[in-house]
Amino acid sequence: MDFKPLLLWSDILLWAMVAGCIALAVYCRRQDYLRRAWRRVGESGVAMASATILAAFVSVGLLDSLHYQPRLPAQEGSTEAQYAPEVLSVLDALVADLRLNKEKTYSAPLATHAFAKETMERDGVQTRDYPRLKWGGAHLDDVAGRDSDLARRALSGAFYGLLLWAAVVGVAVGCMALARGAAYGATCRTVWRPDTAATRPIAWRAVFATLAVLCVIGGITAAWSGGYHVFGTDKVGQDVLYLSLKSVRTALLIGTLTTLVTLPLAVALGLIAGFRGGWWDDAIQYLYTVLNSIPGVLLIAAMVLMMQVIIDTHPEWFETAAERADARLLALCFILGLTSWTGLCRLLRAETLKLRELDYVQAARAFGVGDARIMARHILPNLMHIVLIALVMDFSGLVLSEAVLSYIGIGVDSSMNSFGTMINAARLELSREPVVWWSLAAAFVLMLALVLAANLFADAVRDAFDPRFQWRARRIVKKVTA
Amino acid sequence: MIAYIIRRLLYAIPILIGVNLITFLLFFVVNSPDDIARMQLGAKRVTPEAIEKWKAERGYDKPLVWNADAPGVAKATDTILFDKSVRMFALDFGRADDGRDIALEIKSRMGPSLAIAIPTFILGLFVTVSFALLLVFFRNTALDVGGVVLCVAAMSISGLFYIIGGQYLVSKVWNLVPISGYSGGLDAGKFLVLPVLISVIGGIGASARWYRTLFLEEINKDYVRTARAKGLSELRVLFRHVLKNAMIPILTGVVVVIPLLFMGSLLLESFFGIPGLGSYTIDAIGSQDFAVVRSMVFIGSVLYIVGLLLTDISYTLVDPRVRLN
């Protein structure tokens, strides 16, 4: 085999989360009220457009979560296969061009020449000039032809993007037609109509339009990155587009894995506090009041500092640098989860207090059903919508906080690609002359796209599941204390 | 009222003890002082003597919770738990790694922090509430929709970009104010304008949108219709009636943070080089000065609890229906 698959812990957890989401979807399909709420989300064009963008980010993140170690060239006299210590992912393999073609240092987006002048010898005379890049525009004989080359590549990229889009849409419409037992042409026409019963369950128009934009942008970027650095290169000459793509996984992990800690804590403790009352309630309330009264950033800082000491004093636990960075990322998720379950727990406790007085719960009690069974069968399903909304709404906040924490120096490992480390590295570049703006711009654009899509989607989910409750209240308090 | 306040203050004591225990567990039990010393001194050339010396300098060489060798009361007091944690209740924070007294340092750094936090708070509240009222005034028009879209976009941008972008534009390109720094007295103004503006603008998105929903909730109620039927102008309805009644949920979010203003802002202060408590905390995190981080955690919790108390009291001021007893 040319490679050895390697599962990092975060990969395992992420794929487990994907499986969990599928299980949740199946569960939602079976429950009538949840299905109806999801249908309302599906009808919203904005929500479906954001969902499409989120799906694009998620697929980048998932491709980046299939890791392997490539096999080293066989050595003389050794039959045993040797694998590189470097851990790569499928995404790395797909964009090998970006990863491997490094420059010496900064270069502007789509540039053909380096950013800084260098002394070089030309016709036996020493001159100072901008050297040609090793990769960016290296295929051009004459630099003046760059613009027409870019235009040509953009056109063909957009064309292939649209071709891909047409294929995807064609297959999707075909599946729809099969599922409904309708003619292909008729389905085609109804999909594009704005609001008819035939298109109802999902606003396909928004999905396909967003997909078209994504395909065209993706096609052009892919075509350009075949010969240029689309977002330029950073200080050590790495392609900024590659760094941003790698950062997506970190952002997604922080946003999703944290819930693995938050959820069990908040649900279990909130249920018990609300349902049992008395001594249990006092203890749990005390616990979350104490945790809540420590300003979030400071508690996170204290915990992360302690985690650093543990990691530093036990270097023998980690075989590769990737494993250490991975452990640190997981620990960060754990810490963020430990510090952020209190809000959800309080909500769930209050809701449980209300639910346990309801007639059907009293009836279950009268029938002699045990506490654990009542909580699982009669109360938990009625809390699902709160849990779901809280999960979706916390995501964007977590992505944003990752950047801030990494900037302060208590975020992910500095060797790990993330938006926070990108911003941190690029912070002083604006004071250079001329300005190096592209790393910041790339981080800005991708973060904005991800967080904006997540926010819009979360709003739609909130409106569909629980329009009256004032969810913003919880968030504001959290944001200010951070 | 006074009885209520006293009861609430008494209730705060177990919470503070809890906070103190958590910090004690985090800083002394999760990692032993030996581990911390080893990391601070650098893992390679560390000797047992150096570790002992490091611990002795900082008073970490005592037993954790129970000193069996000491006489009498000192069995309980001559320990790390008492020295480092219990003493915090008397606002005795000990010394930082650079040998300075933490309490003194905090006192001198409070001024700059407040100089930036108070204007931000007041201006921010004023701007966001007016912006939200404006959106409500133009509700169901394109202006309202545009404003909400703007809010959602604004809250999707990381605070880091506001600071970096603002600093670059205003200080570097337009050259209006110094990029960073601080000085006392009236001179401080030119250093404070930009950070205050940036944090106000950065905060508009999320809060204005939330206030808008609060106002919209009120605006459909009967008393508002009555006020309009009376012939009051729309502006008067908004300011005299809607704003007053939406005050309670606004207060929950706002009053809590007033005491926390003392802590300053981590990001702003470090970007603008303002010698306040925020940058103190950041520096302590950067240099892994655990004593300072521990003290800031404790102070932050005290201030947060004060904020909760203030919130409850402020309810009685804006809503006569609420009685504290």
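Ala, Val, Leu, Ile, Met, Phe, Trp, Tyr, Cys and Pro count here as nonpolar, Asp, Glu, Lys and Arg as charged, and the others, Gly among them, as polar. The model is predicted, so local features need pLDDT of at least 70 and side-chain atom pairs pLDDT 80 or more, while totals for chains, interfaces and linings use all residues. Residues are numbered from 1 along each chain as its sequence is written, chains are lettered from A and ligands numbered from 1 in the order written, and side-chain values use heavy atoms, without hydrogens or water.

**The small cavity in chain B is lined by six named residues: B:F27, B:F28, B:I36, B:Y60, B:F290 and B:R294.** This is the second largest cavity (on a 1 Å grid over the protein atoms alone, points where a 1.4 Å probe fits but cannot get out; lining residues have an atom within 4 Å of a point). Its volume is about 30 Å³, taken as the space filled by probe spheres on grid points joined across faces, edges and corners. By class, five of the lining residues are nonpolar, none is polar and one is charged. Look for helices α1 (2–29) and α16 (290–318) of chain B, each of which gives at least two residues to this lining; helices are DSSP runs of H or I, at least four residues long, numbered from the N terminus.

**The largest cavity of the model holds about 70 Å³ of space.** Two cavities of 30 Å³ or more are found in the structure. Here the lining has 10 residues, and A:T259, A:T262, A:S340, A:D394 and A:L398 are the ones nearest the centre. Helices α9 (240–276) and α15 (371–408) of chain A each bring at least two residues to the lining, with the largest share, four residues, coming from α15(A). In contrast to the cavity shown before, this lining divides into four nonpolar, four polar and two charged residues.

**The second largest pocket has a volume of about 2000 Å³.** A pocket is an open set of grid points with protein on both sides within 12 Å along at least five of seven lines. Its lining takes in 46 residues, with A:C21, A:L24, A:A25, A:W38 and A:F457 nearest the centre. Elements of chain A that give two or more residues include α2 (32–43), α3 (45–63), α6 (146–180), α8 (204–225) and α17. The largest share, 13 residues, belongs to α1(A). Of the lining residues, 37 are nonpolar, five polar and four charged.

**Chain B meets chain A through 50 of its residues, which touch 54 residues of chain A.** Contact means heavy atoms within 4.5 Å. Together the two chains bury about 4700 Å², of which 77% is on carbon and sulfur atoms; buried area is the accessible area (1.4 Å probe) that two parts lose on being put together, summed over both. It is worth finding B:F161, B:W210 and B:I285, which supply 13% of the area that chain B buries here, more than any other three residues.

**A:D459 is paired with B:R209 across the interface and with A:R462 within chain A.** Both pairs are salt bridges (a side-chain nitrogen of Lys or Arg within 4 Å of a carboxyl oxygen of Asp or Glu). In the pair between the chains, the closest N and O atoms of B:R209 and A:D459 are 3.0 Å apart. This interface has one salt bridge, and the side of chain B that touches chain A has 35 nonpolar, 11 polar and four charged residues. The A:D459–A:R462 pair has an N to O distance of 3.8 Å. Both of these residues lie in helix α17 (residues 438–465) of chain A, three residues apart, or about one turn of the helix. Over all chains, the structure holds 24 salt bridges.
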